[in-house]
Amino acid sequence: MAHAQDMAEPGATPSDVPDVLAPDLRIVFVGINPGRVSAAAGAHFANPRNDFWRLLHSAGLTSRLYAPTDQFSLLEEGIGVTNAAYRTTPGSGDLRRADFAGSLERLESIARELRPRWLAFVGKEAYRGAFGTRAELGLQQAKLGCTKLFVLPSTSPANAAVPWEERLRWFRSLAELSSASDS
């Protein structure tokens, strides 16, 4: 595995969207995979209809509203971002099981080497892709080393059936739990 400083450099992954990682982060958000808009921008959650960035700020996880182009500034807030699968697709429904090969091992390596306090999966399918099992939303029983796991609703515009307030409730729950574990 690459050193943390190498991982934070654009192009350090076989993905169209670079990992945003550093040692000892509070939370690393794990998306499912880059969509076409994110790949074109080279930034996580870049579709303007994706609620990720607004939810981070509204839940109190960040001190200000970030844009996808500010993704490396998240490190200053103790937040990182990666994906469970690196392949760009038009939608997550286009992913194959093979796209997740090595995903769990990579996340275990991130947990062991970079020691984030939390891995927060943005969507049940991101968790299922990595672990091969279904999860309910919220805090998971499993851990990766000392890293706690949390599953959030997807922030994708394709998940519009889940209302904003419901998504925000889960992001706030993560904010509260991650703050409590910091004290």
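In this predicted model, strands E1 and E3 (residues 118–122) lie parallel to one another and are paired through four bridges. One place to look for this pairing is Ile-27, which stands opposite Trp-118 of E3. A little further along, Phe-29 has Ala-120 as its bridge partner in E3.

E1 also has a partner in strand E2 (residues 79–83), where the pairing is again parallel and five bridges join the two strands. Here Phe-29 is matched with Val-81. Phe-29 is thus a handy landmark for a newcomer, with a bridge partner in E2 and another in E3.

Stepping back, these strands belong to an open sheet of five strands, arranged in the order E2-E1-E3-E5-E4 and with mixed pairing. E2 and strand E4 (138–144) form the edges, each pairing on one side only. On average, neighbouring strands of the sheet are turned by 25 degrees against each other, direction ignored. Helix H4 (residues 103–114) packs on this sheet and touches E1, E2, E3, E4 and strand E5 (147–152). The direction of H4 makes about 85 degrees with that of E4.

How well covered is strand E1 (residues 27–31)? Five of its five residues are buried, and the cover extends to both faces. Ile-27, Phe-29 and Gly-31 are buried on one side, while Val-28 and Val-30 are buried on the other.

The interior of the model can be described next. In soluble globular proteins, nonpolar side chains tend to be buried together. The largest nonpolar core here holds 24 residues, and those touching the most other members are Phe-29, Phe-52, Leu-56, Leu-61, Leu-152, Phe-171 and Leu-174. Two or more residues of this core come from each of E1, helix H3 (52–58), E2, E3, E5 and helix H6 (164–182). H6 gives the most, with five residues.

Phe-52 offers a good view into this region. Apart from neighbours within four places in sequence, Phe-52 is in contact with Phe-29, Phe-45, Val-122, Thr-155 and Phe-171. Among these contacts, Phe-29 and Phe-171 are, like Phe-52, listed with the core residues that touch the most other members.

A second core, separate from the one just described, contains 19 residues. Its members include Ile-32, Leu-107, Tyr-127 and Leu-144.

Definitions and conventions: Residues numbered from 1 in each chain as written. Predicted model: local features only at pLDDT ≥ 70, side-chain atom pairs only at ≥ 80, totals over all residues. Heavy atoms only, no water. Buried < 20%, exposed > 50% of the residue type's maximum accessible area, 1.4 Å probe, protein only. Pairing = 2+ DSSP bridges. Axes fitted to C-alpha atoms, helices over the stretch in contact; angles between N-to-C directions. Contact = heavy atoms within 4.5 Å. Core = buried A, V, L, I, M, F, W, Y, C linked by side-chain atoms within 4.5 Å.
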